[in-house]
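Open the model in your viewer and keep the selection box ready. Each stop names something to select, then says what is there.

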Amino acid sequence: MPQPRFRAIEGTRDYFDREGERFDRVLARAGEMFPRYGYARFRTPIFEDSELFARSLGDATDIVEKEMYTFQPGSDSLTLRPEGTAGIVRAYLQHGLDKRGGLVKLWYAGPMFRRERPQKGRQRQFHQVGVEAIGSGDPLLDAEVISLGLRFYESLGVAGVGLRLNSIGCRKPECRPRYRLILREAIQPRLGTFCRNCQARFERNVFRLLDCKVPQCRELARELPKSHENLCPECAEHFAAVRQAVEALGGSFSLDSDLVRGLDYYSRTVFEYTHESLGAQNALGGGGRYDGLAEELGGPPVPAIGFALGVERILIALEAGGACGCPPPLQAFGASRGEAARRAMAGLIARLREAGFSADLDYDDRSLKSQLRLANRRGALCCLILGEEELGRGEVIVKDMREGRGQAAASLFDCLGKVREILSC
Ligand code: HAM
């Protein structure tokens, strides 16, 4: 048998069939959901000046030290983007978006490149969807961004997402710089017990010792003074307001003093979404505030916050949850019990499709409960429920699937109006 001559490069992948459809579904959901929160689509180039990433992410970070794909055509040094935030802030400043006044909300999606050791959920070319809200330091915005990520996962049917939350303070001398000194003092006597990499980074950026992935260093880091216990009064107040607002929006989180994030541009709020299918070190997504980045890149001081969610990791979490491969998010799903109701439901779904709705039903004769679960996994916005009893009365139940919404009976012949009503709000 002749062997194919070429294979995808290690750490890169092809997407097709069910997985390809799911991939598209994640992107489509981002395009649907992020604009509802006020984010406009933004596209930046796939490569940028290498210096942009060194400045933004920090030159003592894993990414800048050893994971960038850098090439030198002529005298330029260019790098395939390892993440999206630096390019967005570069573009924000370049196009004078700061002069528009007020908050600028942008979302993006696309491939990112890091030369990491490939393993489950870790690739060299991977994809992110992300949002950046630039121009406000309001803790309510932090909470809105954090809960948008949770809602995004929820709407895709990713169940069991955890949220780790921390604050790493600001650049004022009494805040992070003071904490830096405290940390250095605590580490200095035991520096020899940290890995070689950490020892080398100690002078350049002591904070990087807190997110070293070597188990022995992680163990040592656990004993060190915590950032959220060393915040200046303003940052402590900000963080308290963020926690309160996240809770008010229905998000539960674990306060995690070990969470520092691996990039230098962060300040104040940092967070990560976790999922058990990914193991201990792999986050489903992450983000935080980067109030000093615009200034670092030569612009005015502009507070900002955002997140990026790894598409491949979402696919892993969906797979682990037994998600079906059916791609498009549904507007309506038909659940029924009993043969006559099932046939009537098939007719109803056909009418909905003809009227322009995306609609589907169960073909495997599952219990009503499983059908409702399936409707949820398919991201259905509303569910039509039909049993023998409803059929006898010439009615169907129309259930709004969004959290906390109710259901109502509608006439079998006139339920389109009810569906429209739910979908339009
Ligand atoms: P990050 O934590 O480096 O943050 O990456 C965000 C997400 O991208 C991770 O949680 C993970 O899901 C995914 N990811 C990262 N590296 C890989 C990889 N090698 N293979 C597969 N997936 C990966 C950032 O990139 C920041 N720009 C997030 C941000 C936006 N902060 C503020 N705004």
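Select G379. Is this residue buried or exposed? With a relative accessibility of 10%, G379 counts as buried, because buried means under 20% relative accessible area, exposed means over 50%, and partly exposed is in between (1.4 Å probe, protein chains only). This is a predicted model, in which local features need pLDDT of at least 70, side-chain atom pairs count only at pLDDT 80 or more, and totals for chains, interfaces and linings use all residues. Residues are numbered from 1 along each chain as its sequence is written, and side-chain values use heavy atoms, with hydrogens and water left out.

Stay on G379. It sits in the loop between α13 and β14 (382-386). Helices (H or I, at least four residues) and strands (E, at least two) are DSSP runs, numbered from the N terminus. Now show the neighbours of G379. Leaving out residues up to four places away in sequence, G379 touches R25, R29, S155 and L330. A contact here means heavy atoms within 4.5 Å. Then add A280 to the selection. G379 and A280 are 99 residues apart along the chain, and 28 Å separate their C-alpha atoms.

**The two domains**

Colour 17-175 together with 231-321: this is domain 1. Give 332-424 another colour: this is domain 2. The bounds come from an automatic or database domain assignment. Taken over C-alpha atoms, the domain centres are separated by 37 Å. Domain 1 puts 7 residues into the contact, and domain 2 puts in 4 residues.

**The second largest pocket**

Select R151, E154, S155, R402 and E403. Of the 34 residues lining the second largest pocket, these are the closest to its centre. On a 1 Å grid over the protein atoms alone, a pocket is an open set of points where a 1.4 Å probe fits, with protein on both sides within 12 Å along at least five of seven lines. Lining residues have an atom within 4 Å of a point. The volume of this pocket is about 1100 Å³. That volume is the space filled by probe spheres set on the points, and grid points are joined across faces, edges and corners.

Why does this pocket lie between domain 1 and domain 2? Both domains give residues to its lining, so the second largest pocket lies between them.

Next, highlight α1 (17-33), α5 (139-156), α13 (368-377) and α15 (415-424). Each supplies at least two residues of the lining. Which helix gives the most? α5 does, with 6 residues. Colour the lining by residue type. The split is 14 nonpolar, 10 polar and 10 charged. Ala, Val, Leu, Ile, Met, Phe, Trp, Tyr, Cys and Pro count as nonpolar, Asp, Glu, Lys and Arg as charged, and the others, Gly among them, as polar.

**The cores**

Select F34, V145, F152, F271, Y273, F307 and I314. Of the 45 residues in the largest nonpolar core, these touch the most other members. α5 gives the most to this core, with 9 residues. A nonpolar core is a set of buried Ala, Val, Leu, Ile, Met, Phe, Trp, Tyr and Cys residues joined through side-chain atoms within 4.5 Å. Zoom in on I314. Not counting residues up to four places away in sequence, I314 touches V26, F152, Y153, L156, V158, L284 and L309. There is also a second, separate core of 33 residues; V64, L93, Y290 and A304 are among them.

**Helix α2**

Move to residues 50-57, helix α2. Of its 8 residues, 6 are buried, so α2 is largely enclosed by the rest of the structure. The buried ones are S50, L52, F53, A54, S56 and L57. What covers them includes β2 (47-49), α3 (62-67), β3 (70-71), β4 (78-80), α4 (85-94) and α10 (293-296).

**Four single residues**

- G279: select the loop between β9 (267-274) and β10 (285-289) to find it. G279 is partly exposed, at 42% relative accessible area. Its C-alpha atom is 9.5 Å from that of G121, 158 residues apart along the chain.
- R261: look in the loop between β8 (254-255) and β9. Its phi is near 70°, a positive value in a residue other than glycine. R261 is buried, at 14%.
- R268: this one is in strand β9. Its phi is near 50°, also positive in a residue other than glycine. R268 counts as buried at 16% relative accessibility.
- A359: finish in strand β13 (residues 359-361). A359 is buried, with a relative accessible area of 6%. Beyond residues up to four places away in sequence, A359 touches L330, A332, I349, L352 and R353.
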